[in-house]
Amino acid sequence: MHRRRFLSAAPIAAAATAGLTPPKRTTGPYRVGAGDVDRLERLHDQLVEDDDQLGGTDTVEQRAAALAQQALTLQNRGGASARIRARLYAIAAHFTDSAMWAAIDGRRLQTAHGYLNQAVTLAALSGDSATIVRVWGHAGSLYRHTGRPTDALAASEAARNASRARRDPLYASLTYARLAVDQAHTDAPATVLRNLDTAQRSLTRIDAGEPRPSWMRFYDQAELDLLACGAHTTMGRWTEAEARAHSALARLHPGMPRNRALVTAYLALAQLHQGATDHAVATARSVIPDLVHGRTAHLLDDFTTHLQTTAPASSHTQEWNTYRKDVLHAC
């Protein structure tokens, strides 16, 4: 698996240094212009696509961190208008956030913490509410994964209270759904379900023609189903988790294999907890081996533990153990 993942990431690594040095001027101070920021934003779009394909690999993280440094180098190199400086802070925040998210997705949580303060600071300096929504949303995920549910809730509330989330139903839907995921760890199920309902209603009110940044293209009904599946899984509502997983798989864009692997792992866990051991093992085996890392691997570890605890002598358990040894661990 590691060799194939390296080969898949090779084009990304080759592109990681593309555009890292701004054009040199022979005389006078360098003036940062819209073209410099446009170039960085195009590189960010490609980075998002790579993350959708591969998930939280080291290569995606390192490339994002390098591009964040490029943006900051431009920021400090020469003159720029206030508008250009705000855009530079925003794109630097997005690159830093992408590095943080890649580390979260890859379960490199200590590394992710190293990006957090800079991402939050840069987002605030940008003054861009959409950027602030993105950074606080991922901060909430980091806090949740590191066992800090109160901080996770505070971060999700900060995202929900951003001006963009208050006026744009798409951002409102995303922030309410993420808040529900965090509340599943601390609050009553009724609160979680109410916010999931609010997220669903908000999604039906979006204006599809309104321009939004390209990084928001990930959020749609499939992503809402994925977040709801995660919330139901945390609450042990396995029938609802399975239903949301099926809904997400039916709607997922084909260009998002990382999310397909993650949802499939959630589905296998939900089926297993409902006693459908044969279906659960078949579902778990359908996850593409190259994508079994980070959060997906963590879910399949939970799947393995529950399978071995509840059905240690089952032929399906033996089948899964053999598959893990011969396919997942071997590659």
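A salt bridge is counted here when a side-chain nitrogen of Lys or Arg lies within 4 Å of a carboxyl oxygen of Asp or Glu. With that rule in hand, the predicted model can be explored pair by pair. Arg108 and Glu61 meet the rule, since their closest N and O atoms are 3.0 Å apart. This pair brings together distant parts of the chain: Arg108 sits in the loop between helix 4 (82-105) and helix 5 (109-126), while Glu61 belongs to helix 3 (residues 58-77), and the two are 47 residues apart. Both Arg108 and Glu61 are buried. Applied to the whole model, the rule gives 22 salt bridges. Side chains of opposite charge can pair when their charged atoms come close.

Two further pairs make a helpful comparison. Asp151 and Arg148 are joined by a salt bridge with an N to O distance of 2.8 Å. How buried or exposed are the two partners, Asp151 and Arg148? Asp151 has a relative accessible area of 29%, so it is partly exposed. Arg148, with a relative accessible area of 35%, is also partly exposed.

The second pair is Asp301 and Arg324, whose closest N and O atoms are 3.6 Å apart. Here again distant parts of the chain are linked, with Asp301 in helix 15 (residues 294-310), Arg324 in helix 16 (residues 315-329), and their positions 23 residues apart in the numbering. Asp301 has a relative accessibility of 41% and therefore counts as partly exposed. Arg324 counts as buried, because its relative accessibility is 18% and the cut-off for buried is under 20%. Salt bridges can also join up into a group: Asp51, Asp105, Arg258 and Arg295 are linked in a network.

Stepping back, what does the chain as a whole look like? Its secondary structure consists of 16 helices and 0 strands. The radius of gyration is 21 Å, close to the 20 Å that the globule rule gives for 331 residues, so the chain is as compact as a globular protein of that length. Along the principal axes, the C-alpha trace spans about 75 × 45 × 35 Å. Of the 331 residues, 54% count as buried. Among contacts between residues at least 6 apart in sequence, 69% join residues at least 24 apart. The chain exposes about 14400 Å², and carbon and sulfur atoms supply 52% of that area. As for charge, the mean positions of the 37 positive and 32 negative charges are 6 Å apart.

Two individual residues show the interior in more detail. Ala241 lies in helix 12 (residues 238-251), and its relative accessible area of 0% is why it counts as buried. Leaving aside neighbours within four places in sequence, Ala241 is in contact with Cys229, His232, Thr233 and Ala270. Ile288 offers a point of reference: Ala241 and Ile288 are 47 residues apart in sequence and 21 Å apart in space, C-alpha to C-alpha.

Gln271 is found in helix 13 (residues 257-273). This residue is buried too, with a relative accessible area of 8%. Which residues does Gln271 touch, not counting residues up to four places away in sequence? The list is made up of Glu242, His246, Ala276, His279, Ala280 and Thr283.

Key
Residues are numbered from 1 along each chain as its sequence is written. This is a predicted model: local features need pLDDT of at least 70, side-chain atom pairs count only at pLDDT 80 or more; totals for chains, interfaces and linings use all residues. Side-chain values use heavy atoms; hydrogens and water are left out. Helices (H or I, at least four residues) and strands (E, at least two) are DSSP runs, numbered from the N terminus. Buried means under 20% relative accessible area, exposed over 50%, partly exposed in between (1.4 Å probe, protein chains only). Contact means heavy atoms within 4.5 Å. The radius of gyration is taken over C-alpha atoms; the globule rule is 2.2 Å times the number of residues to the power 0.38. Accessible areas come from the Shrake-Rupley method with a 1.4 Å probe; for residues, only the protein chains shown count as cover. Lys and Arg count as positive and Asp and Glu as negative; His and the chain ends are not counted. The place of a charge is taken as NZ of Lys, CZ of Arg, CG of Asp or CD of Glu.
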